[in-house]
Amino acid sequence: KAFPPDRLARCVRVVPIRDARSATFQFVLPGQKQMWRSKPTSYLAHLIGHEGQGSLLTALKHRGLATELTAGGALEEAGVH
């Protein structure tokens, strides 16, 4: 198994060494090829990447934690799962 249960659901706290505000979060999802018509990863990317009122980005901006946000799925065609 690529991700056994004892390696999941971890909280990692980081102490920055410089004033940079960048973070990358990756979520392991099941293969999406069978759901190509409904495109659930595109829907999820739209919800997370929305920049309007009430969005994740707005909440992070109010706390001084982000100035921009990008969300999207990996390309399965490229061999990335």
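A polar contact here is a pair of N or O atoms within 3.5 Å; within protein, one must be able to donate a hydrogen and the other to accept it, and residues adjacent in sequence count only if both atoms are side-chain atoms. By that rule, the side chain of Ser-55 reaches the backbone oxygen of His-50 at 3.4 Å. The structure is a predicted model, in which local features need pLDDT of at least 70 and side-chain atom pairs count only at pLDDT 80 or more, while totals for chains, interfaces and linings use all residues. Residues are numbered from 1 along each chain as its sequence is written, and side-chain values use heavy atoms, with hydrogens and water left out.

Now for the overall picture. The protein chain has two helices and zero strands, taken as DSSP runs numbered from the N terminus (helices: H or I, at least four residues; strands: E, at least two). Of its 81 residues, 9% count as buried, where buried means under 20% relative accessible area, exposed over 50%, and partly exposed in between (1.4 Å probe, protein chains only). The chain exposes about 7,900 Å², and carbon and sulfur atoms supply 56% of that area; accessible areas come from the Shrake-Rupley method with a 1.4 Å probe, and for residues only the protein chains shown count as cover. Contacts (heavy atoms within 4.5 Å) between residues at least 6 apart in sequence include 26% that join residues at least 24 apart.

Back to Ser-55, which sits in the loop between α1 and α2. This serine counts as buried because its relative accessible area is 6%. Besides the link to His-50, the side chain of Ser-55 makes a polar contact of 3.0 Å with the side chain of Thr-58. Next along the chain comes Leu-56, placed in helix α2. At 41% relative accessibility, Leu-56 is partly exposed. Leaving aside residues up to four places away in sequence, Leu-56 touches Ile-48 and Leu-69. Its C-alpha atom is 9.8 Å from that of Ala-66, a residue ten positions away in sequence.

What makes up the nonpolar surface patch of about 470 Å²? Phe-25, Phe-27, Leu-29 and Leu-44 do. Patches are made of residues with over 30% relative accessible area and no salt bridge, with like charges joined within 9 Å and nonpolar side chains (Val, Leu, Ile, Met, Phe, Trp, Tyr) within 5 Å; a salt bridge is a side-chain nitrogen of Lys or Arg within 4 Å of a carboxyl oxygen of Asp or Glu. Of the patch members, Leu-44 lies in helix α1, residues 40-49, and is partly exposed with a relative accessible area of 38%.

The segment before α1 has a couple of details of its own. Gln-32 is found there and counts as buried, since its relative accessibility is 15%. A polar atom of the Gln-32 side chain lies 2.5 Å from the backbone oxygen of Pro-30. Lys-39 also belongs to the segment before α1, and its phi is near 50°, a positive value in a residue other than glycine. With a relative accessible area of 43%, Lys-39 is partly exposed.

On the other side of the helices, Gly-72 is in the segment after α2 (56-62). It is exposed, with a relative accessible area of 62%. The C-alpha atoms of Gly-72 and Gln-26 are separated by 9.9 Å, although these residues are 46 apart along the chain.
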